[in-house]
Amino acid sequence: MRRPSVDRLRVEYHPYDTRIEGRRGINSANIARIEAACAERTTIRLALISDTQRHYDETAAAVRALNARDDVDFVIHAGDMTDFGMRAEFERQRDLLERLRVPYVVLPGNHDCLATGERIFTELFGPVDFAFTAGSVRFVCLNTNALEFGHDTPVPNFDFLERQIADPPARVRTSVAVMHARPGTEQFDNNVARLFHRTLRQLPGLQCCLNGHGHRFAAEELFNDGIVYYQCDDIGRKVYLLFTLTEEGYDYERVEF
């Protein structure tokens, strides 16, 4: 068995430490960069990574591999940056991702919502539900970690989702839904799984759904309707997914690094 690197062992944990240092408000700032850079694009290419928890060396390697490319517009992290939702974990992963040459956005994973993780996540990255437009593609990013929240917090947030359906930007032609836990997993509120998917299908030209959480690659039509959910490997497997999207369709590649 491979021994963990020394770098993985030097993380101090305290469940109530929320004294964030360094850059915060990252998603909104990077979304502005994405939308400006991709405004006139007819082809969008993004890399999807997920579940970097405790995989500091592999995250750094992924950043180097992505920086060696010149054909990626932005990176989406599908959640579980951390294992315990601790400030030190968030900051170390953020500092690794800050080395990316292209902008990135991060979704919350279930581990990111442990302890005071939700508070730290929102300060570092912003709201747990958010959306942005790259070219003519609308990316709707949703918190689906229902098990980590009480009944007073809507997960998934149908009000947010229905606003995306009712009032998309004029230039939007197609959509991609992104989440950490997909329907059918233990984190998802499976009482509403079919309603959730039917609602997603009302997004303009929904092409596919992207998720993490499962730690192994999967590409499945969960509801047998042509909409595929693509599940990203955890970064410890030294893999990312590369998606190329146009108004006519999309393609993907599972890339080892």
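A salt bridge here is a side-chain nitrogen of Lys or Arg within 4 Å of a carboxyl oxygen of Asp or Glu. This is a predicted model, and by that rule the count comes to twelve salt bridges. Here are three of them.

| Acid | Base | Closest N to O |
|---|---|---|
| Glu-220 | Arg-182 | 2.5 Å |
| Asp-225 | Arg-201 | 3.2 Å |
| Glu-123 | Arg-119 | 3.6 Å |

Take the Glu-220 pair, whose closest N and O atoms sit 2.5 Å apart. Glu-220 belongs to strand E8 (residues 218–220) while Arg-182 is in the loop between E6 and helix H7 (193–200), so the bridge ties together parts 38 residues apart in sequence. Glu-220 is partly exposed at 36%, but Arg-182 counts as buried at 10% relative accessibility.

Asp-225 and Arg-201 make a similar link: Asp-225 is in the loop between E8 and strand E9 (229–231) and Arg-201 in the loop between H7 and E7, so parts 24 residues apart get tied together. Asp-225 comes out partly exposed at 22%, and Arg-201 is partly exposed at 43%. Elsewhere, Arg-24, Arg-119 and Glu-123 are joined into one network by salt bridges that share partners. Within it, Glu-123 and Arg-119 both lie in helix H5 (residues 117–124), four residues apart, about one turn of the helix.

Now for the nonpolar side. The largest nonpolar core has 27 residues, and Phe-74 is among those with the most contacts inside it. Helix H2 (26–38) and strand E1 (44–49) are among the elements that each supply at least two of its residues. Beyond its neighbours within four places in sequence, Phe-74 contacts residues including Ile-34, Leu-46, Val-102, Phe-132 and Phe-139.

Key: Residues are numbered from 1 along each chain as its sequence is written. This is a predicted model: local features need pLDDT of at least 70, side-chain atom pairs count only at pLDDT 80 or more; totals for chains, interfaces and linings use all residues. Side-chain values use heavy atoms; hydrogens and water are left out. A nonpolar core is a set of buried Ala, Val, Leu, Ile, Met, Phe, Trp, Tyr and Cys residues joined through side-chain atoms within 4.5 Å. Buried means under 20% relative accessible area, exposed over 50%, partly exposed in between (1.4 Å probe, protein chains only). Contact means heavy atoms within 4.5 Å.
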